[in-house]
Amino acid sequence: MNLASYADLAVDLVNTRRDEQDDLRDLDGLRALLSDRPHLGGRIAHRELDAMRALREQLRAIIVAAARGDADDAVERLNTLLIHHPVHPQLARHEGQGWQLHFNESGSIPDRYAARTAMGLAAEIAAHGTGRFGLCKAEGCDRVFLDTTANRSRRYCSERCTGRAGVTAACSPAEPRVTVPARERGQ
């Protein structure tokens, strides 16, 4: 079981809302989020959509607190989420493989999503602290990310924002140059 991938679920859900754009505006948006996660799928109704939006705000508050260096607030919020969405691990064996740890598949989609993301975030914080969570530094972007670089140097949520920031910096007016006449330079 790769708990880091469950931390990525939190980032994916939080980033479904950007400024005025909401990828969870309807049931199709929720289906798209879950489309490559069959273990989290199932029958989706409006109550699941509303619960996922609420979970998104809880996860955003955790990640933002961590990114801003407020580890105590992030952990307090995360512990609350862990209490409300307990994980029920179980061992399972697949054909030709040894025993693997899995999470129980019972509960609603939002409950399963919350339990997995809370465990992923908790494992990430326990292993690396809160310093790996970030807020994109690109102007106008409010997305979050998990910095997996060796030196914790990531500043942007995506290659797109990295490139956009580079173009913006390159196009910014340079500081005015002060020209010194040749005779004053001793020439």
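A disulfide is here a pair of cysteine sulfur atoms within 2.5 Å. The exercises below concern a predicted model, in which local features need pLDDT of at least 70 and side-chain atom pairs count only at pLDDT 80 or more, while totals for chains, interfaces and linings use all residues. Residues are numbered from 1 along each chain as its sequence is written, and side-chain values use heavy atoms, with hydrogens and water left out.

**Exercise 1. Cysteines**

Determine how many disulfides the structure holds, and examine Cys-136 and Cys-157.

Step 1. A search of the whole structure returns zero disulfides.

Step 2. Cys-136 takes part in no disulfide; the nearest cysteine sulfur belongs to Cys-141 and is 3.7 Å away.

Step 3. For Cys-157, the closest cysteine sulfur is again in Cys-141, at 3.7 Å, which is too far for a bond.

Step 4. Burial is assessed by relative accessible area: buried means under 20%, exposed over 50%, and partly exposed in between (1.4 Å probe, protein chains only). Cys-136 is buried at 7%, and Cys-157 is buried at 11%.

**Exercise 2. Nonpolar cores**

Describe the largest nonpolar core, identify the elements that build it, and locate another core.

Step 1. A nonpolar core is a set of buried Ala, Val, Leu, Ile, Met, Phe, Trp, Tyr and Cys residues joined through side-chain atoms within 4.5 Å. The largest has 37 residues, and those with the most contacts inside it are Leu-13, Leu-30, Met-52, Leu-55, Leu-59, Tyr-113 and Leu-121.

Step 2. Elements are DSSP runs numbered from the N terminus: helices (H or I) have at least four residues and strands (E) at least two. Two or more core residues come from each of helix H1 (3–14), helix H2 (27–34), helix H3 (46–67), helix H4 (71–84), helix H5 (109–128), strand S5 (133–135) and strand S6 (144–146). The element that gives the most is H3, with nine residues.

Step 3. Contact means heavy atoms within 4.5 Å. With neighbours within four places in sequence left aside, Leu-59 is in contact with Ala-10, Leu-13, Val-14, Leu-81, Thr-117 and Leu-121.

Step 4. Another core lies apart from this one; it has seven residues, among them Cys-136, Ala-138, Cys-157 and Cys-161.

**Exercise 3. Salt bridges**

Trace the salt bridges of Asp-22, and set beside them the pair formed by Arg-53 and Asp-50.

Step 1. A salt bridge is a side-chain nitrogen of Lys or Arg within 4 Å of a carboxyl oxygen of Asp or Glu. The structure holds ten.

Step 2. Asp-22 is bridged to Arg-17, with the closest N and O atoms 3.3 Å apart. Asp-22 is buried at 13% relative accessibility, whereas Arg-17 is partly exposed at 34%.

Step 3. Asp-22 also forms a salt bridge with Arg-56, at 2.7 Å from N to O. This pair links distant parts of the chain, since Arg-56 is in helix H3 and Asp-22 in strand S2 (residues 21–22), 34 residues apart. Arg-56 is buried, at 3%.

Step 4. Arg-53 and Asp-50 meet in a salt bridge of 3.5 Å, N to O. Both residues lie in helix H3, three residues apart, about one turn of the helix. Arg-53 is partly exposed at 25%, as is Asp-50 at 44%.

Step 5. Through shared partners, salt bridges join Arg-17, Asp-22, Arg-56 and Glu-57 into one network.

**Exercise 4. Individual residues**

Characterise the settings of Arg-112 and Val-64.

Step 1. Arg-112 is in helix H5 and is buried, with a relative accessible area of 9%.

Step 2. Apart from neighbours within four places in sequence, the contacts of Arg-112 are His-39, Leu-40, Gly-41, Glu-105, Ser-106 and Gly-107.

Step 3. Val-64 is in helix H3 and is buried at 12% relative accessibility. Val-64 and Arg-143 are separated by 79 residues in sequence and by 9.9 Å in space, C-alpha to C-alpha.
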